Amino acid sequence: MTQFFEPAKRLSLIPPYLFKEIDDKKVEVRAKGVDIIDLGVGDPDLPTPAFIVEKLREVVQDPGTHRYPAYSGMRGFREAVARWYQRRFGVELDPETEVLTLIGSKEGIAHLPLGINDPEDINLMTSPGYPVYQMGSLFAGAHSHLLPLLRENGFLPDLHEVDPLTARDAKALFFNYPNNPTAAVADKEFFARVVEFCREYRIIAVHDAAYTELAYDGYLPPSFLEVPGARDVGIEFHSLSKTFNMTGWRLGMAVGNQEVLAALGKIKSNIDSGAFDAIQLAGITALDSDQSCVKENCAILQERRDLLVGGLQKLGYDVDYPKATFYVWLAVPKGMTSMSFTTHLLEQAGIVTIPGMGLGAPGEGYVRLALTVPKERLQEALARLARLG
Ligand SMILES: Cc1ncc(COP(=O)(O)O)c(C=O)c1O
């Protein structure tokens, strides 16, 4: 059949989908009747807390919520974000100019480059990482310069390693702590180094803070905006997705530098029409709550983490207890690659993981496991691994 149309050239720039092979294998293994344990997906299995669902049920009855929302988000939601940042991080935000509502943080991350980049710009970003930093940059015609996250540096980028000529040409730096996929955390000293670096080279700091609320053993991950000077150089993306098990609701926020938010807001106002007001109203209830639901969620994830990581260590695997996120970053056994180990686990144990190299070349040597299945399934996964020997 002749091709009906020629897709845009930019689509051919999207890197090949590395998980195709795994997806095919998954179908093959499932067809053999194997009960697959999927530790691949970064999507909470636990439900949104009932009081948030109840609030949606109530406000959706009001026809006032059925109309077009305000582009930058309901004033009430932006105020709730400011209150939450104040309570949680001690960070003051002006709800009018320093908070922008997003239809999930992925939306804002993907659109930001259209507001800040010209074609041929360079964006720095940590790797392995959330693929949207690279894809959003690509759609805006910007090049991605990857900063490797290595174990010997605590999975933090070494900013001294960035060639000054590249740094001078760079427009933005995307970074994410607590980190997907390595589960590494960053302290305020690191954030202060980012501020210094971005100030020196006039680079926009773009911090993705999606996982700050999923943390264990009493650890409280900081916001980038806690560091002096941060809002002069950058913004932070946050989301209700992981904090309140609300991935399907699509509600997030960008906070910080007014000029950068105005650029993102201008792009958004020409593309989307804002997040559903009823969802924002339910979001206010979530943010203004006493956060006990977040604590309960973390307690469940911590139990799963202890079970899985403890069990893996007993079996001789090289893996650390994550302080935050619901990911476990497991070093693959000697002689294997992240892809061959992923295939091995799927074929021999029916366990799905994400090969590190699929999230960026520096992720080679690791696989990512997500704590998004109940304890019994993790126990079963460990039993199967023990049988593998
Ligand atoms: C690091 C990171 N940032 C952002 C997102 C996007 O989250 P959402 O669009 O649901 O807010 C994800 C989702 O998996 C993520 O892992």
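Modeller: A residue counts as near a molecule if one of its heavy atoms lies within 4 Å of it. This is a predicted model.

Colleague: How many residues surround the ligand, and which are the closest?

Modeller: 15 residues surround the ligand. The closest are Asp208, Ser239, Ser241, Lys242 and Arg250.

Colleague: Which helix gives the most to the shell around the ligand?

Modeller: Helix 5, with 3 residues.

Colleague: What makes the pair between Asp208 and the ligand a polar contact?

Modeller: The cut-off for a pair of N or O atoms is 3.5 Å. A polar side-chain atom of Asp208 lies 2.5 Å from a nitrogen atom of the ligand. That is within the cut-off, so the pair qualifies. Tyr211 has a polar side-chain atom 2.8 Å from a ligand oxygen. For Lys242, the distance from a polar side-chain atom to an oxygen atom of the ligand is 2.7 Å.

Colleague: How much of the ligand does the protein bury?

Modeller: The protein buries 92% of the 400 Å² that the ligand exposes when taken alone.

Colleague: Why is Glu107 called buried?

Modeller: Buried means under 20% relative accessible area. Glu107 has 11%, so it counts as buried. Glu107 is found in helix 5, residues 105-116. Leaving out residues up to four places away in sequence, Glu107 touches Leu102, Lys268 and Asp272.

Colleague: Why does Arg304 count as buried?

Modeller: Its relative accessibility is 4%, so Arg304 falls under the 20% limit. Arg304 lies in helix 12, residues 292-314.

Colleague: What lies 2.7 Å from a polar atom of the Arg304 side chain?

Modeller: The backbone oxygen of Leu371. Beyond four places in sequence, the residues that Arg304 touches include Asp45, Leu46, Thr372 and Pro374.

Colleague: How do you know that the span of helix 2 is close to the expected one?

Modeller: Helix 2 covers residues 20-31, 12 in number. From first C-alpha to last, helix 2 reaches 17 Å. The expected value is 16 Å at 1.5 Å a residue, so the two are close.

Colleague: Which residues of helix 2 are buried?

Modeller: Ile22, Lys25, Lys26 and Val29.

Colleague: What puts those residues on the same side of helix 2?

Modeller: They cover an arc of only 110° around the axis, which places them on the same side. On the other side of helix 2, Val27 and Ala31 are exposed.

Colleague: What do the buried residues of helix 2 pack against?

Modeller: Strand 1 (37-38), helix 13 (338-349), strand 11 (351-352) and strand 12 (354-355).

Colleague: Which residue just after helix 2 takes a positive phi?

Modeller: Gly33, at about 90°.

Notes. Residues numbered from 1 in each chain as written. Predicted model: local features only at pLDDT ≥ 70, side-chain atom pairs only at ≥ 80, totals over all residues. Heavy atoms only, no water. Helix = DSSP H or I, 4+ residues; strand = E, 2+ residues; numbered from the N terminus. Buried < 20%, exposed > 50% of the residue type's maximum accessible area, 1.4 Å probe, protein only. Arc of directions from axis to C-beta. Contact = heavy atoms within 4.5 Å. Polar contact = N/O pair within 3.5 Å; in protein donor to acceptor, adjacent residues only side chain to side chain. Areas by Shrake-Rupley, 256 points an atom, 1.4 Å probe, with all protein chains shown as cover.
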